[in-house]
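Please open the structure in your viewer and keep the sequence panel beside it. This tour goes from stop to stop, saying at each one what to select and what is there.

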Amino acid sequence: MKKNLAIFASGSGSNAENIITYFSGNKNVNFPFILCNKEDAYVKVRAERLGIPFRYFTKEEWKDGTVMGWLREANIDYIILAGFLLKVPNEMIEAYPNKIVNIHPALLPKYGGKGMYGMHVHEAVVAAGEKESGITIHYVNENLDAGQIIFQAKVKVTPTDTPDDVAHNVHALEYEYFPQVIAQVIGEK
Ligand code: GRF
């Protein structure tokens with residue numbers, strides 16, 4: 001049974017590319033487009049290289065239901081947030097119960113919530129002297145980074161690790177696990 005997945009990204013899109021590549025041999029899984037709130041985000045370059053339509057949307061289109069219309073037109077079954085920085089409108093959460101999956105580059109519930117994205121997360125982890133960090137893949141609900149946790153993976157943080165070291169080690173977990181967890185969520189594994 002075919003599944004249509006919408007990927008949302010706001011920046012580089014390395015996770016988006018990794019996910020699309022992972023499923024490239026699976027004819028049941030389709031990515032009609034990559035959706036982005038930044039007109040010139042690097043994920044646009046990745047989409048073009050992958051031959052996946054790139055669709056930019058404004059804050060207004062995000063809030064006024066335009067993007068929701070795109071999801072309906074494309075018969076989207078699941079929504080994947082891969083480095084996406086906007087809060088999901090409640091209308092979308094209600095339309096896609098336990099169908100919106102996000103990845104966070106830390107071990108939630110710690111280091112989540114407002115302002116905790118990208119390098120800010122890894123800087124906070126190092127500043128706190130944490131002995132470990134990792135990834136959290138979770139369903140999205142109306143509270144930022146607080147939906148039901150689906151999967152977590154950990155990596156050690158040594159006293160000499162810089163935030164960049166932590167970011168590198170966490171990205172490696174993202175690339176290894178995010179596509180597999182998505183496959184389980186959508187019933188393709
Ligand atoms: C990743 O660290 C992800 O965990 C977080 O934002 C970053 C996105 O990186 N949500 P990329 O855009 O996929 O390269």
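Two residues are said to be in contact when they have heavy atoms within 4.5 Å of each other. Before you select anything, note that this is a predicted model, in which local features need pLDDT of at least 70, side-chain atom pairs count only at pLDDT 80 or more, and totals for chains, interfaces and linings use all residues. Residues are numbered from 1 along each chain as its sequence is written, and side-chain values use heavy atoms, with hydrogens and water left out.

**The whole chain**

Begin with the whole chain shown as a cartoon, where the secondary structure comes to 7 helices and 8 strands; helices (H or I, at least four residues) and strands (E, at least two) are DSSP runs, numbered from the N terminus. Turn the model slowly, and you will find that the C-alpha trace spans about 50 × 35 × 30 Å along its principal axes. The radius of gyration, which is taken over C-alpha atoms and compared with a globule rule of 2.2 Å times the number of residues to the power 0.38, is 16 Å, and this agrees with the value near 16 Å for a compact globule of 189 residues.

Now switch to a surface view. Of the 189 residues, 48% count as buried, where buried means under 20% relative accessible area, exposed means over 50%, and partly exposed lies in between (1.4 Å probe, protein chains only). Among contacts between residues at least 6 apart in sequence, 67% join residues at least 24 apart.

**Helix α1 and a visitor from α2**

Select residues 14-22, which form helix α1, and look for S14, N15, A16, E17, I19 and I20, which are buried. What covers the buried residues of α1? The cover includes β1 (3-9), β3 (34-36), α2 (43-50), β5 (78-81) and α7 (163-185), so colouring these elements is a useful next step.

From that cover, pick L50, which is found in helix α2. L50 is partly exposed, with a relative accessible area of 29%. Leaving aside its neighbours within four places in sequence, L50 is in contact with E17, I20 and T21. If you draw a line from C-alpha to C-alpha between L50 and E17, the two are 7.7 Å apart in space although 33 residues apart in sequence.

**Across the strands from β5 to β8**

Next, select strand β6 (residues 100-104), in which 5 of its 5 residues are buried. In a regular strand the side chains alternate between the two faces of the sheet. Here I100, N102 and H104 lie on one side and V101 and I103 on the other, and both faces are covered.

Keep β6 in view and add its partners, remembering that two strands pair if DSSP finds at least two bridges between them. β5 and β6 pair in the parallel sense over 3 bridges, and the bridge partner of I80 in β6 is V101. β6 and β7 pair in the antiparallel sense over 4 bridges, and here the partner of I103 in β7 is I137.

Move on to β7 itself (residues 132-139), where 7 of its 8 residues are buried. Strand β8 (residues 149-156) runs antiparallel to β7 and is joined to it by 7 bridges, among them the one that links H138 to I149.

**Loops with unusual backbone**

The last stops are in loops. Most residues other than glycine have a negative phi, and most peptide bonds are trans.

Select P109, which is found in the loop between β6 and α6 (119-127), and look at the peptide bond leading into P109 from L108, which is cis, with omega near 10°.

Then go to N75, in the loop between α4 (66-73) and β5, which has a positive phi of about 50° although it is not a glycine. Is N75 buried or exposed? With a relative accessible area of 53%, N75 is exposed.

Compare D145, found in the loop between β7 and β8, which has a positive phi of about 55° and is not a glycine. D145 counts as buried, at 16% relative accessibility.

Finish at D40, in the loop between β3 and α2, which counts as exposed at 69% relative accessibility. D40 and Y56 are 16 residues apart in sequence and, from C-alpha to C-alpha, 8.8 Å apart in space.
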